[in-house]
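Subject: Structure handover

Hi there,

Here is the structure I promised to pass on to you. Please have a look at it first, and then read my notes on pockets, cavities, salt bridges and a surface patch below.

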Amino acid sequence: MLTSAHLKYESQKLAMNYFRVALVLFGAQLLMGLIAAIQFLYPGFLFELFDFNVARMVHINALVVWMLYAMIGSVYYMIPDETGEEAVAIGLGKLAFWVLTAAVTVVVLVYIFIQVGPGNESTIWFINEGREYIEAPRWADIGIVVVVLIFYWNVFATFMKGKKTGIMTVMVADLFALAGLYLCGMFFTDNISMDQYWWWWVIHLWVEATWEVFVGSLAAYGLIKILGAKREIVEMWLWIEVLMLFGSGILGLGHHYFWIGTPEYWWEIGALFSALEPVPLVAMFVHVLYDWGKEQGHCEAGQTGHAVNNTPAMGWIALNAFGNFLGAGIWGFFHTLPQVNIYTHGTQFTAAHGHLAFFGAYATILIGMMYLGVQGSYGIKKMTMTFKSKMAIVLVTFGVLGMTVALTIAGYEQVLVERADLGGGWDAYFVAQELPWMLQAQAWRLVMGLVTFIGFVYLAWDLLTIGAVESAEEKSEAVAAAAA
Amino acid sequence: MSKKSASVWTSIRFWRRSAAWVTGTATVLLIWLTFNTMGQISMGSDEDLAKGIKKRIPAASVINYHIDYVMDDKRGHEVPVIGEKEPFFGKEWSNEEAAALLHHGKLTVQAKNCMDCHTLLGNGAYFAPDLTKAWLDPKWNDGTMTGITGKESKEEAMAEFLMHPSQYPTHARMMPNLGITKDEAIAVVAFLKHMSAIDTNGFPRNFSQNAKRLAGGTHAH
């Protein structure tokens with residue numbers, strides 16, 4: 001990850017910059033998560049110094065931002081491959097990268113050292129907006145919009161200039177929606193129901209619609225790149241997935257409108273469309289495994305060995321197929337119907353689903369893209385897993401699954417005791433929080449969080465070293481072959 | 001696509017068109033539903049309150065009224081019921097004053113990042129209790145918190161707690177001192193009272209069932 005020597009296009013070199021920052025922010029996300037997890041067990045930990053709300057804010061913001069970095073990086077990486085062109089305004093793109101990175105640094109430092117402000121507009125403008133996931137102060141909001149416009153111009157203009165593949169068509173349309181939705185979260189209103197209504201246009205329509213389509217495009221690109229899968233088949237799958245993802249995801253928004261003051265008709269709309277949301281995830285699952293099996297079959301029949309030219313990337317993309325279906329599909333469906341959701345809304349169930357879904361649906365494939373980037377940067381023909389790659393994939397996956405199971409148990413206890421039996425007041429809340437089932441589950445969450453973090457250390461170590469090691473190996477093999 | 005496909009099911013053109021139509025239809029439906037919902041969740045007026053007209057989100061001046069949360073047999077869940085006039089911090093607030101107070105309260109709730117510990121309308125973090133119906137919580141009504149803070153009314157007790165939360169620990173997991181001023185505290189209490197009057201379709205279900213069972217009456221007096 002430390003070189004971009006073999007990349008022909010500036011756009012791909014810029015992509016590597018985005019990946020590097022994404023990796024740093026990913027680490028920050030996990031550290032903040034560990035602090036927050038400790039605070040559940042030891043409430044005095046950093047009390048009135050670095051409180052839960054600060055740790056949690058940085059935890060979730062770092063998550064969103066590292067994913068956006070890795071997404072932008074992935075797009076810059078695939079543009080030249082898909083269009084056959086260099087990104088048109090690459091100088092501006094580089095400038096935007098440094099501006100964004102400087103801005104993110106300032107925002108994080110303000111979050112950590114200033115934390116909260118007085119109850120007036122100045123705080124909203126300069127410290128934080130206090131709106132879960134999109135806490136960035138307004139000056140940063142405006143900056144983000146400018147940076148995203150530059151990015152989008154690069155994608156759109158390059159697409160118009162070069163080849164127009166199906167994958168790029170989906171990407172260009174999807175990014176337009178993704179960028180536009182951010183504007184829905186940039187205003188202040190006294191009406192909390194109105195506030196939440198539009199907030200979900202950003203959060204749900206990003207995560208459960210545009211991000212999912214984005215992931216579909218990346219999987220399609222990755223399969224062509226890694227397996228040499230046939231473009232026609234891959235793109236047909238992609239259109240089917242877009243149909244189902246947008247068909248269920250857009251109105252699936254309704255499952256967030258059960259209890260925020262919105263009319264009751266959202267019960268039916270939300271229940272129906274969010275019940276359909278797992279369907280495209282099954283399709284994505286089948287798609288990845290189908291192409292993998294098909295190409296591998298062709299190779300074996302033609303006796304040309306292994307179809308996969310980048311096993312770490314393929315490992316993470318295959319994990320994405322499982323993780324997306326399990327985390328977003330199954331764990332989401334658990335509590336999506338209003339009859340269940342009235343008890344589970346705003347409990348540890350949501351946290352369990354959130355952890356597995358963000359990891360399974362997004363983290364996995366973005367890590368896969370980073371491995372693709374490393375392969376390209378070092379010009380490696382066939383990249384294989386190292387011991388560190390294997391440790392990373394096993395420990396991170398095991399850790400996140402462990403956290404998910406622990407939080408599911410916590411949520412189960414919370415629903416039974418706090419919500420179903422005691423009715424959800426202040427005392428009911430603390431009775432449920434202080435029972436052994438909750439405490440044990442929180443302890444396991446912390447342990448599994450540590451496992452995840454160790455896995456991350458292996459991942460970062462691997463991404464930083466695998467390229468140099470494997471390109472050296474390939475060179476010495478080539479020398480040996482030439483000598484023989 | 002110039003090549004002729006053997007079957008419509010393997011035709012990229014067919015799936016591309018279907019994807020465009022489905023996405024377009026879903027988007028149009030969402031926009032149409034949004035217009036309807038906007039009408040229903042816009043804030044009511046002071047006149048609505050005076051005339052007893054129910055709005056899903058009442059005017060800010062709802063802070064001048066008694067609010068309860070009772071089972072509605074027809075709808076099958078609990079709903080907010082706005083009752084008689086009731087002084088808030090010992091006085092009746094004009095429509096403008098109440099609106100200004102709510103504005104300041106919502107700004108403070110965001111500025112202090114309440115949502116990254118608490119949940120509001122069930123959204124946020126799960127480190128501290130849900131605040132959706134906090135105004136109606138028995139903890140503020142049964143004399144516990146007025147007793148601990150030495151205040152006469154529950155709104156005064158709430159404001160005092162918000163200003164010095166770590167002086168009044170109720171559990172091992174405490175609320176930190178966020179530097180909330182007196183004015184901000186009063187405004188936040190107004191925000192909480194207003195939020196408790198929002199019709200949340202019965203969320204939280206059986207709110208404070210336990211208190212009702214133990215005390216043998218409804219929770220909100």
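Let me begin at the surface, where Val106(A), Trp125(A), Phe126(A), Trp139(A), Ile142(A) and Val146(A) make a nonpolar patch of about 530 Å². A patch here is built from residues with over 30% relative accessible area and no salt bridge, with nonpolar side chains (Val, Leu, Ile, Met, Phe, Trp, Tyr) joined within 5 Å and like charges within 9 Å. Areas come from the Shrake-Rupley method with a 1.4 Å probe, and for residues only the protein chains shown count as cover.

Before going further, please note that this is a predicted model: local features need pLDDT of at least 70, side-chain atom pairs count only at pLDDT 80 or more, and totals for chains, interfaces and linings use all residues. Residues are numbered from 1 along each chain as its sequence is written, chains are lettered from A and ligands numbered from 1 in the order in which they are written, and side-chain values use heavy atoms, with hydrogens and water left out.

Back to the patch: α4 (121–126) and α5 (138–161) of chain A each supply at least two of its residues, and α5(A) gives the largest share, three residues. Helices are DSSP runs (H or I, at least four residues), as strands are (E, at least two), numbered from the N terminus. Val106(A) sits in helix α3 (residues 90–113) of chain A, and counts as partly exposed at 40% relative accessibility. For these classes, buried means under 20% relative accessible area, exposed over 50%, and partly exposed in between (1.4 Å probe, protein chains only).

Now the pockets. The largest pocket holds about 1000 Å³ of space. It is lined by 50 residues, and the closest to its centre are Val65(A), Leu68(A), Leu100(A), Val104(A) and Ile144(A). Two or more lining residues come from each of α1 (10–41), α2 (52–83), α3, α5, α6 (166–181) and α7 (192–227) of chain A. By class, this lining has 44 nonpolar, five polar and one charged residues. In that count Ala, Val, Leu, Ile, Met, Phe, Trp, Tyr, Cys and Pro are nonpolar, Asp, Glu, Lys and Arg are charged, and the others, Gly among them, are polar.

The second largest pocket has a volume of about 410 Å³. Ala177(A), Phe246(A), Ile250(A), Thr23(B) and Thr27(B) are the closest to its centre among 22 lining residues. Elements giving two or more residues to this lining are α6, α7 and α8 (231–252) of chain A, together with α1 (12–41) of chain B. The largest share, seven residues, comes from α1(B). This lining has 16 nonpolar, four polar and two charged residues.

On the search itself: on a 1 Å grid over the protein atoms alone, a pocket is an open set of points with protein on both sides within 12 Å along at least five of seven lines, a cavity is a set where a 1.4 Å probe fits but cannot get out, and lining residues have an atom within 4 Å of a point. Points are joined across faces, edges and corners, and a volume is the space filled by probe spheres set on them.

There are four cavities of 30 Å³ or more in the structure. About 680 Å³ lies in the second largest cavity. Of its 41 lining residues, His118(B), Ala128(B), Pro129(B), Phe161(B) and Met175(B) are the closest to its centre. The lining divides into 29 nonpolar, six polar and six charged residues.

Finally, the salt bridges (a side-chain nitrogen of Lys or Arg within 4 Å of a carboxyl oxygen of Asp or Glu) come to 21 over all chains. One of them joins Glu132(A) and Arg56(A), at 2.8 Å from N to O. Glu132(A) lies in the loop between α4 and α5 of chain A and Arg56(A) in helix α2 of chain A, so this pair ties together parts 76 residues apart in sequence. Both Glu132(A) and Arg56(A) are buried.

Another joins Lys225(A) and Asp81(A), at 3.0 Å from N to O. Here helix α7 of chain A holds Lys225(A) and helix α2 of chain A holds Asp81(A), so the pair ties together parts 144 residues apart in sequence. Lys225(A) is partly exposed at 33% relative accessibility, and Asp81(A) is partly exposed at 28%.

Best wishes
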